[in-house]
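Good morning, colleagues. I should like to take you through one structure this morning, and I ask that you keep the sequence and the coordinates in view as I speak.

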Amino acid sequence: MRKCLRCEAQMVEDLAVMVTNKPIGIEVREQGMFKMPLEKIKCAVCPQCGYVETYVEVSHFIKKLAEKDS
Ligand SMILES: [Zn+2]
């Protein structure tokens, strides 16, 4: 469950982030050529105040990158 950082209401999750008028999403990938996309960026919206938050599902690829940086 994701809580709104502003008003602490329960957010509506798993929504798609879209480029206006284009049927494509945006994604997270490592910098550099030939890198594969890691995760699609999703968003959550607070139904009370309208605050929008973006996030990705944390995968083993993301965890591997975090280990590499520490
Ligand atoms: Zn809110």
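**The zinc site and its surroundings**

Let me begin with the metal. The site of the zinc ion is tetrahedral, its four donor atoms making angles of 101 to 122 degrees. I should say at once that this is a predicted model.

Which residues supply the protein donors of the zinc ion? They are the SG atoms of Cys-4, Cys-7, Cys-46 and Cys-49, and they lie 2.3 to 2.4 Å from the zinc ion. Along the chain, the donors follow the spacing C-x2-C-x38-C-x2-C. Cys-7 is in the segment before strand S1 (12–16), while Cys-49 is in the loop between strand S4 (42–45) and strand S5 (52–55), so this pair ties together parts that are 42 residues apart in sequence.

Are these two cysteines buried, partly exposed or exposed? Cys-7 is partly exposed, at a relative accessible area of 30%. Cys-49 is likewise partly exposed, with a value of 39%.

I turn now to the charged side chains. The count of salt bridges comes to four, and I shall describe three of them, beginning with those of Arg-2. The side chain of Arg-2 meets that of Glu-13 in a salt bridge, at 3.4 Å from N to O. Since Arg-2 belongs to the segment before S1 and Glu-13 to strand S1, the pair ties together parts that are 11 residues apart in sequence.

Arg-2 also forms a salt bridge with Glu-53, and here the closest N and O atoms are 2.8 Å apart. This pair links distant parts of the chain: Glu-53 is in strand S5 and Arg-2 in the segment before S1, 51 residues apart.

How accessible are the three residues? Arg-2 is partly exposed, with a relative accessible area of 22%, and Glu-13 is partly exposed at 32%. Glu-53, by contrast, counts as buried, because its relative accessibility is 13% and the cut-off for buried is under 20%.

A further salt bridge joins the side chains of Lys-42 and Asp-14, at 2.6 Å from N to O. Lys-42 lies in strand S4 and Asp-14 in strand S1, so this contact ties together parts that are 28 residues apart in sequence. Lys-42 counts as partly exposed, at 22% relative accessibility. As for the wider arrangement, salt bridges that share partners join Arg-2, Glu-13 and Glu-53 into one network.

Arg-2 has one more contact to mention. Arg-2 lies over the face of Tyr-55, at 3.7 Å from the ring centre. Between aromatic rings themselves, the count of pairs is zero.

Finally, the chain as a whole. The protein chain has one helix and five strands, and from the N terminus on its elements run β-β-β-β-β-α. Why is the chain described as more spread out than a compact globule? The reason is that its radius of gyration is 15 Å, well over the 11 Å that the globule rule gives for 70 residues. The C-alpha trace spans about 40 × 35 × 15 Å along its principal axes. Of the 70 residues, 19% count as buried, and Glu-53 also counts as buried.

To close, I would direct your attention again to two places: the zinc ion with its donors Cys-4, Cys-7, Cys-46 and Cys-49, and the network of Arg-2, Glu-13 and Glu-53. Thank you.

Methods
Residues are numbered from 1 along each chain as its sequence is written. This is a predicted model: local features need pLDDT of at least 70, side-chain atom pairs count only at pLDDT 80 or more; totals for chains, interfaces and linings use all residues. Side-chain values use heavy atoms; hydrogens and water are left out. Donors are N, O and S atoms within 2.8 Å of the metal (3.2 Å for Na, K and Ca); water is not among the atoms, so sites may look incomplete. Four donors count as tetrahedral if all angles lie between 85 and 135 degrees; four count as square planar and six as octahedral if opposite donors are over 155 degrees apart and all others between 65 and 115; anything else is irregular. Helices (H or I, at least four residues) and strands (E, at least two) are DSSP runs, numbered from the N terminus. Buried means under 20% relative accessible area, exposed over 50%, partly exposed in between (1.4 Å probe, protein chains only). Rings of Phe, Tyr and Trp (its six-membered ring) pair if their centres lie within 6.5 Å; planes under 30 degrees apart count as stacked, over 60 as edge-to-face and the rest as tilted. A charge sits over a ring if NZ of Lys or CZ of Arg is within 6 Å of the ring centre and within 35 degrees of the ring normal. The radius of gyration is taken over C-alpha atoms; the globule rule is 2.2 Å times the number of residues to the power 0.38.
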